[in-house]
Amino acid sequence: MKILVTGGLGFIGSHTVVELQSKGYEVIIIDNLSNSSEEVLNGIEAITGIKPIFENLDLRNKLVVKEFFKKHADINGVIHFAASKAVGESVEKPLLYYENNISSLIYLLEEILQLREPNFIFSSSCTVYGEADVMPINENTAVKPALSPYGNTKQIGEEIITDVAKVSNLNAILLRYFNPIGAHPSAEIGELPLGVPQNLVPYITQTGIGLRKELSVYGNDYNTPDGTCLRDYIHVVDLAKAHVIALQRLLDKKNVDKVEVFNLGTGVASSVLEVIIAFEKCSGLKLPYKIVAKREGDVPMTYANTDKANAVLGWKTESTLDEAMASAWKWEKKIRGK
Ligand code: WQD
């Protein structure tokens with residue numbers, strides 16, 4: 001089985017490639033290296049012994065996408081990660097996000113529809129729920145107006161896929177991630193640190209390693225048990241495994257709808273302070289941090305109802321927050337030569 005993974009050198013993409021190869025799939029990666037590095041291929045090979053086929057292509061180029069699929073008309077499925085994903089940056093540069101995340105999806109879908117088996121897994125996000133009223137969030141929770149252009153591109157992406165599936169032979173699964181963290185236990189692949197981290201966990205590990213002076217905790221007067229925001233932090237390897245299970249579901253034609261949606265989270269809410277404690281436990285360090293003002297756009301809490309993925313996909317997370325933090329810390333030390 002030949003699977004195309006777009007954005008396959010990225011954080012979640014590379015971990016998914018490892019899981020696909022471990023299950024015997026032949027993997028082709030398209031990546032434009034805008035938020036990754038070709039070095040990641042060596043990390044993947046170090047884990048699986050197989051260096052994936054890689055093409056440095058930009059999905060915003062319609063002709064390039066067409067040419068690629070002419071060469072690879074025997075692809076059995078596509079997992080689409082390639083997208084810009086920084087919430088704050090999307091507010092500053094909305095057109096970059098709408099062009100990259102929407103036009104590339106359209107060009108990709110146009111070619112996928114020509115495949116013998118148009119099986120499509122879409123990387124979506126809990127951000128489509130906005131500030132949900134009921135916790136934990138299930139897939140029937142109403143999608144709310146997006147809180148950022150990034151979130152909007154995920155909502156629009158889901159709508160495009162749904163509209164296309166209605167009038168074509170497309171079979172798709174939308175996977176709504178909560179907060180992916182951690183790294184492969186081998187520390188051969190992980191989240192590549194490009195610039196100042198916007199997300200909590202890489203900022204914590206970079207503070208721990210001494211790259212950052214201290215962590216700023218964005219508010220501790222939310223209506224939550226310890227006053228800091230609650231999130232559903234899911235180990236990236238657990239997340240990657242869910243993609244392989246979802247893909248196999250489409251290949252086996254077990255999907256009951258042309259478009260199925262699943263939340264991918266642990267179902268457990270953890271606060272910022274609890275994440276800090278998890279880091280201190282695994283590192284043996286005291287993390288320097290200060291409480292500062294709330295961050296614009298943050299919701300007080302968001303965590304997944306995972307019943308559907310557990311029941312329908314037969315998937316549930318295996319790693320704890322402590323294990324995920326330990327893997328993130330091991331990766332940070334590895335890439336800093338510590
Ligand atoms: C987590 C918590 C912050 C940094 C984002 C995207 C979402 C998804 C996952 C793509 C929040 C607090 C953070 C810091 C802090 N990405 N924090 N100090 O915002 O929940 O979700 O990443 O799909 O779409 O929105 O993740 O890691 O930025 O923040 O106190 O330096 O940590 O306030 O409560 P977030 P995050």
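Begin by selecting Leu200 together with the ligand: in this predicted model, a backbone N or O atom of Leu200 lies 2.7 Å from an oxygen atom of the ligand. Keep the ligand in view and add Gln198, where a polar backbone atom is 3.4 Å from a ligand oxygen atom, and then Ser125, which brings a polar side-chain atom to 3.1 Å from an oxygen atom of the ligand. If you switch on a surface here, bear in mind that the ligand on its own has 680 Å² of accessible area, of which the protein covers 90%.

Next, widen the selection to the whole shell, which consists of 18 residues, with Tyr150, Leu200, Ser216, Arg231 and Asp298 as the closest. Colouring this shell by class will show nine nonpolar, six polar and three charged residues. Strand β8, residues 215-218, is worth highlighting as well, since the largest share of the shell, four residues, comes from this strand.

Now leave the ligand and turn to the largest nonpolar core, which has 37 residues; select Leu20, Ile29, Ile44, Ile121, Leu175 and Leu264, the members that touch the most others. Among the elements that each supply at least two residues of this core are β1 (2-6), α1 (11-22), β6 (171-177) and β11 (259-264), while α8 gives the most, with nine residues.

Within this core, centre the view on Ile29, whose contacts beyond its neighbours within four places in sequence include Val5, Val17, Leu41, Ile44, Ile53 and Phe54.

Finally, select Leu4, Leu108, Leu109 and Val261, which are included in a second, separate core of 26 residues.

Technical notes
Residues are numbered from 1 along each chain as its sequence is written. This is a predicted model: local features need pLDDT of at least 70, side-chain atom pairs count only at pLDDT 80 or more; totals for chains, interfaces and linings use all residues. Side-chain values use heavy atoms; hydrogens and water are left out. A nonpolar core is a set of buried Ala, Val, Leu, Ile, Met, Phe, Trp, Tyr and Cys residues joined through side-chain atoms within 4.5 Å. Buried means under 20% relative accessible area, exposed over 50%, partly exposed in between (1.4 Å probe, protein chains only). Contact means heavy atoms within 4.5 Å. A residue is near a molecule or strand if one of its heavy atoms lies within 4 Å of it. A polar contact is a pair of N or O atoms within 3.5 Å; within protein, one must be able to donate a hydrogen and the other to accept it, and residues adjacent in sequence count only if both atoms are side-chain atoms. Accessible areas come from the Shrake-Rupley method with a 1.4 Å probe; for residues, only the protein chains shown count as cover. Ala, Val, Leu, Ile, Met, Phe, Trp, Tyr, Cys and Pro count as nonpolar, Asp, Glu, Lys and Arg as charged, and the others, Gly among them, as polar.
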